[in-house]
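Here are some exercises to help you find your way around a protein model. Try each task yourself before reading its solution.

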Amino acid sequence: MFCTTRGIVLHSIPYKDTSAIIYMYTEAFGRASYMVSRRRSKKSPLVKSLFIPLSVLDLEVEHLNKREIHRIKEARVCLPLQEILCDPIKNVLALFLSEFLFRVVKETEPDPRLFCFLYDSIQVLECADKGVANFHLVFLLRLLRYLGIFPNIENRRAGYYFDMLNSVFTVDQPAHPHFLGKEDTEVFARLLKMSYENMSLYVFSRQERVRIIQKILEYYHLHLPDFAEIKSLAVLQSLFDAG
């Protein structure tokens, strides 16, 4: 039995010589994987160009609970991504964020709030003309809320440390090594106020940007133990170095 859902492409891997497995975050099923043919055929409703990183598709799928890999009957573009395809910075950001989501979003149960956040974020990336270099920072920090690991900011005061292991701001230096010093804590607190609407107002040097992303990824590693290395991070960093 076939049903419809929207889906966001996270990752694809070749399977044998004729197929590929597409990993997606879907509105109806959460994370799911689908087998699609890689052969070119006039009769096939599926084409390879549909399944690029962060593509948002309208899908008709056969989704059986006992299967790990499902089948797509039909797929159509739901949200055209001209800028993300053509702009080199946006294209690399899409590559980085799709790999990041592939590593951290593992739930096979639907989460409408998370899907809406991802959908809206992709729309912002497509349309943004200012502050694009900060987009991934906003995305990664806002995503923490949907994963249930957003820091407790209620007791934050000037001159505090940020305890990354326990996700709290504290007046005393933590006894473990996973914390931000007072200066870095001030920067981090400022970052938590950044949004898609005001991201163009934040300016960082190359060194600051590298340190920020390193600390954000360290935070993810601390709270998601199976979080794997993000291979496209090096590509992202080299792009901004070149700029």
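A residue counts as buried under 20% relative accessible area, as exposed over 50%, and as partly exposed in between. Keep in mind that the model is predicted.

**Exercise 1. Sort out the cysteines C3 and C116.**

Task: Work out how many disulfides there are, and whether C3 is buried, exposed or partly exposed.

Solution:
- Step 1. Start with the cut-off: a disulfide needs a pair of cysteine sulfur atoms within 2.5 Å.
- Step 2. By this rule, the count is zero disulfides.
- Step 3. Check C3: the nearest cysteine sulfur belongs to C78 and is 16 Å away, and C3 is in no disulfide.
- Step 4. C3 has 28% relative accessibility, so it counts as partly exposed.
- Step 5. Now take C116: its nearest cysteine sulfur is that of C78, 12 Å away, and C116 is in no disulfide either.
- Step 6. With 39% relative accessibility, C116 is partly exposed too.

**Exercise 2. Describe how α2 and α3 pack.**

Task: Find the angle between α2 and α3, say whether they are roughly parallel or antiparallel, and give the handedness of the crossing.

Solution:
- Step 1. Two packed helices are described by the angle between their axes and the distance between the axes.
- Step 2. Helix α2 covers residues 88-104, and its axis is 10 Å from that of α3, at an angle of about 165 degrees.
- Step 3. Angles over 145 degrees count as roughly antiparallel, so α2 is roughly antiparallel to α3.
- Step 4. The crossing of α2 with α3 is right-handed.
- Step 5. Look at who meets whom: K90, L93, A94 and L101 come from α2, while L118, L125, E126 and C127 come from α3.
- Step 6. Sorted by class, this contact has six nonpolar residues, two charged ones and no polar ones.

**Exercise 3. Move on to α3 and α4.**

Task: Say which way α3 runs relative to α4, and which residues make the contact.

Solution:
- Step 1. The axes of α3 (residues 112-127) and α4 (residues 135-147) come within 11 Å and cross at roughly 170 degrees.
- Step 2. This makes α3 roughly antiparallel to α4.
- Step 3. On the α3 side, the contact is made by R113, L114, F117, L118, S121, V124 and L125; on the α4 side, by F135, F139, R142, L143 and Y146.
- Step 4. Count the classes and you get nine nonpolar, one polar and two charged residues for α3 with α4.

**Exercise 4. Compare directions for α4 and α6.**

Task: Decide whether α4 and α6 are roughly parallel or antiparallel, and whether their crossing is left-handed or right-handed.

Solution:
- Step 1. Helix α6 spans residues 206-223; its axis and that of α4 come within 11 Å and cross at roughly 15 degrees.
- Step 2. Angles under 35 degrees count as roughly parallel, so α4 is roughly parallel to α6.
- Step 3. The crossing of α4 and α6 is left-handed.
- Step 4. From α4 the contact takes H136, L137, L140, L141, L143, L144 and L147, and from α6 it takes R209, I212, I213, I216, Y219 and Y220.
- Step 5. Those residues of α4 and α6 divide into 11 nonpolar, one polar and one charged.

**Exercise 5. Trace the surroundings of F96 and Q237.**

Task: Find out which helix holds F96, whether F96 is buried or exposed, and what F96 and Q237 touch.

Solution:
- Step 1. F96 sits in α2.
- Step 2. Its relative accessibility is 0%, so F96 counts as buried.
- Step 3. Setting aside neighbours within four places in sequence, F96 is in contact with H136, L140, I213, I230, S232, L233 and L236.
- Step 4. Q237 belongs to helix α7 (residues 233-242).
- Step 5. Q237 has 16% relative accessibility and therefore counts as buried.
- Step 6. Leaving out residues up to four places away in sequence, Q237 touches V210 and I213.

**Exercise 6. Look at two positive phi values.**

Task: For K16 and L54, find the phi and say whether each residue is buried or exposed.

Solution:
- Step 1. Most residues other than glycine have a negative phi.
- Step 2. K16 is not a glycine, yet its phi is positive, near 55 degrees.
- Step 3. K16 lies in the loop between β1 (2-15) and β2 (19-26), and is exposed at 66% relative accessible area.
- Step 4. L54 also has a positive phi, about 70 degrees.
- Step 5. L54 lies in the loop between β3 (30-37) and β4 (56-62), and counts as buried at 4% relative accessibility.

Conventions
Residues numbered from 1 in each chain as written. Predicted model: local features only at pLDDT ≥ 70, side-chain atom pairs only at ≥ 80, totals over all residues. Heavy atoms only, no water. Axes fitted to C-alpha atoms, helices over the stretch in contact; angles between N-to-C directions. Helix = DSSP H or I, 4+ residues; strand = E, 2+ residues; numbered from the N terminus. Parallel < 35°, antiparallel > 145°, perpendicular 65-115°, else oblique. Contact = heavy atoms within 4.5 Å. Nonpolar A, V, L, I, M, F, W, Y, C, P; charged D, E, K, R; others polar. Left-handed = near helix turned anticlockwise from the far one by under 90°. Buried < 20%, exposed > 50% of the residue type's maximum accessible area, 1.4 Å probe, protein only.
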